[in-house]
Amino acid sequence: MKLELAQARKWIDLFVEKIEANKSELNELDTAIGDGDHGTNMDRGAKAIADSFEKKNPENVSDLYKATAFAMIQKVGGASGPLYGTALLDMSKAVKSENIELADLIQVGADGIKRRGESDVGMKTMIDVWQPLADDLKSGHLTHSDVKSALNSTKDMVATKGRASYLEEKSKGHLDPGSQSSAYLFDSLIEVIGENS
Ligand code: ADP
Ligand code: MG
């Protein structure tokens, strides 16, 4: 399947809503194993995305992802801004140049994060949500409960990338904040395309 412009717009609009509604929760998760700013960072990005759409209504899916990427690169900051920004920018290019399926598009995003963050699965980062859910989509099975399991899998991991890695073993027992914000992105996507089981 592929997302039409209206569906992609709904996806990002829902993500913006969830980030704004859960700003303090994301800050709390980041206070436990980071520096406490992930909610504030993402909320700034969410507002920048909404402002950008208001200023210029994206006319195609590629422009929509590009505007989202730019807002995040410019306003989120921290480690997560450039990572989300790279994912969305690569996705913007991929929908422009090829007739790409949604599952492959999500893989393009995950690959962008891995490249930019020099990260992979098992390092307690947002990749632990992006990669398994890209795989789920490819196999035609993606539900809210899959999102929850991917997010929860980060709890018992020891962080080896990002700020939480400074804590070594003590990073265990906490959810990764970037995985929680990514879980909102995927929950939003499922709200648009429906559960696939
Ligand atoms: P900072 O760590 O600079 O304060 P944020 O708090 O906004 O930035 O974002 C932290 C999140 O970014 C982490 O929870 C993790 O999911 C993600 N992250 C950090 N470094 C990497 C990396 N190298 N690869 C993938 N994700 C990363
Ligand atoms: Mg932080």
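Mentor: A definition first. A residue is buried if its relative accessible area is under 20%, exposed if that area is over 50%, and partly exposed in between. Keep in mind that this model is predicted.

Trainee: Is Trp130 buried or exposed?
Mentor: Its relative accessible area is 0%. The cut-off for burial is under 20%. So Trp130 is buried.

Trainee: How many aromatic pairs does the structure hold?
Mentor: A pair of aromatic rings is described by the distance of the centres and the angle of the planes. Two rings pair if their centres lie within 6.5 Å. In this structure the aromatic pairs number three.

Trainee: Is the pair of Phe15 and Tyr84 stacked, edge-to-face or tilted?
Mentor: The ring centres of Phe15 and Tyr84 are 6.1 Å apart, and their planes stand at 45°. Planes under 30 degrees apart would be stacked, and over 60 edge-to-face. The angle fits neither class, so the pair is tilted.

Trainee: How far apart in sequence are the parts that Phe15 and Tyr84 tie together?
Mentor: Both Phe15 and Tyr84 are buried. Phe15 belongs to helix H1, residues 5-21. Tyr84 belongs to helix H5, residues 80-97. The pair therefore ties together parts whose separation in sequence is 69 residues.

Trainee: What kind of aromatic pair do Trp130 and Phe186 form?
Mentor: Their centres are 5.3 Å apart, with 85° between the planes. An angle over 60 degrees sets the class. Trp130 and Phe186 are edge-to-face.

Trainee: Which helices hold Trp130 and Phe186?
Mentor: Phe186, like Trp130, has a relative accessible area of 0%. The two residues tie together parts 56 residues apart in sequence. Trp130 is in residues 127-138 and Phe186 in residues 177-193. In that order, the helices are H7 and H9.

Trainee: Which residues are the protein donors of the magnesium ion (ligand 2)?
Mentor: The donors lie 2.1 to 2.2 Å from the ion, and each offers an OD atom. Along the chain they follow the spacing D-x4-D-x1-D. They are Asp30, Asp35 and Asp37.

Trainee: Is Asp35 buried, partly exposed or exposed?
Mentor: Another donor, Asp37, is partly exposed at 25%. Asp35 has 39% relative accessibility. That value lies between 20% and 50%, so Asp35 is partly exposed.

Trainee: Which polar side-chain atom lies 2.7 Å from a nitrogen atom of ligand 1, that is, from which residue?
Mentor: Ligand 1 has 21 residues around it, and Ala79, Ser80, Gly117, Ser119 and Asp176 come nearest. A polar backbone atom of Ala79 is 2.8 Å from an oxygen atom of the ligand. Arg163 brings a polar side-chain atom to 3.3 Å from an oxygen atom. The contact to nitrogen comes from Ser119.

Trainee: How much of the area of ligand 1 does the protein bury?
Mentor: Start with the ligand alone. It then exposes 570 Å². Of that, the protein buries 92%.

Trainee: How far apart in sequence are Lys23 and Asp43?
Mentor: The whole structure holds ten salt bridges. Lys23 and Asp43 form one of them, with the closest N and O atoms 3.8 Å apart. Lys23 is in helix H2 and Asp43 in helix H3. Their separation in sequence is 20 residues.

Trainee: What separates Asp43 and Lys47 in helix H3?
Mentor: Asp43 is buried at 8%, whereas Lys47 is partly exposed at 41%. They form a salt bridge of 3.0 Å between the closest N and O atoms. The two are four residues apart in the helix, so the separation is about one helical turn.

Trainee: Which residues do shared salt-bridge partners join into one network?
Mentor: Asp43 pairs with Lys23. Asp43 also pairs with Lys47. The network joins Glu20, Lys23, Asp43 and Lys47.

Trainee: Is Arg115 buried or exposed?
Mentor: Arg115 meets Asp90 in a salt bridge of 2.9 Å, N to O. Arg115 lies in helix H6 and Asp90 in helix H5, so the pair ties together parts 25 residues apart in sequence. Asp90 is buried at 14%. Arg115, at 54%, is exposed.

Conventions
Residues numbered from 1 in each chain as written. Chains lettered and ligands numbered in written order. Predicted model: local features only at pLDDT ≥ 70, side-chain atom pairs only at ≥ 80, totals over all residues. Heavy atoms only, no water. Phe/Tyr/Trp six-rings, centres within 6.5 Å; stacked < 30°, edge-to-face > 60°. Buried < 20%, exposed > 50% of the residue type's maximum accessible area, 1.4 Å probe, protein only. Donors = N, O, S within 2.8 Å, 3.2 Å for Na, K, Ca; no water. Near = heavy atom within 4 Å. Polar contact = N/O pair within 3.5 Å; in protein donor to acceptor, adjacent residues only side chain to side chain. Areas by Shrake-Rupley, 256 points an atom, 1.4 Å probe, with all protein chains shown as cover. Salt bridge = Lys/Arg side-chain N within 4 Å of Asp/Glu carboxyl O.
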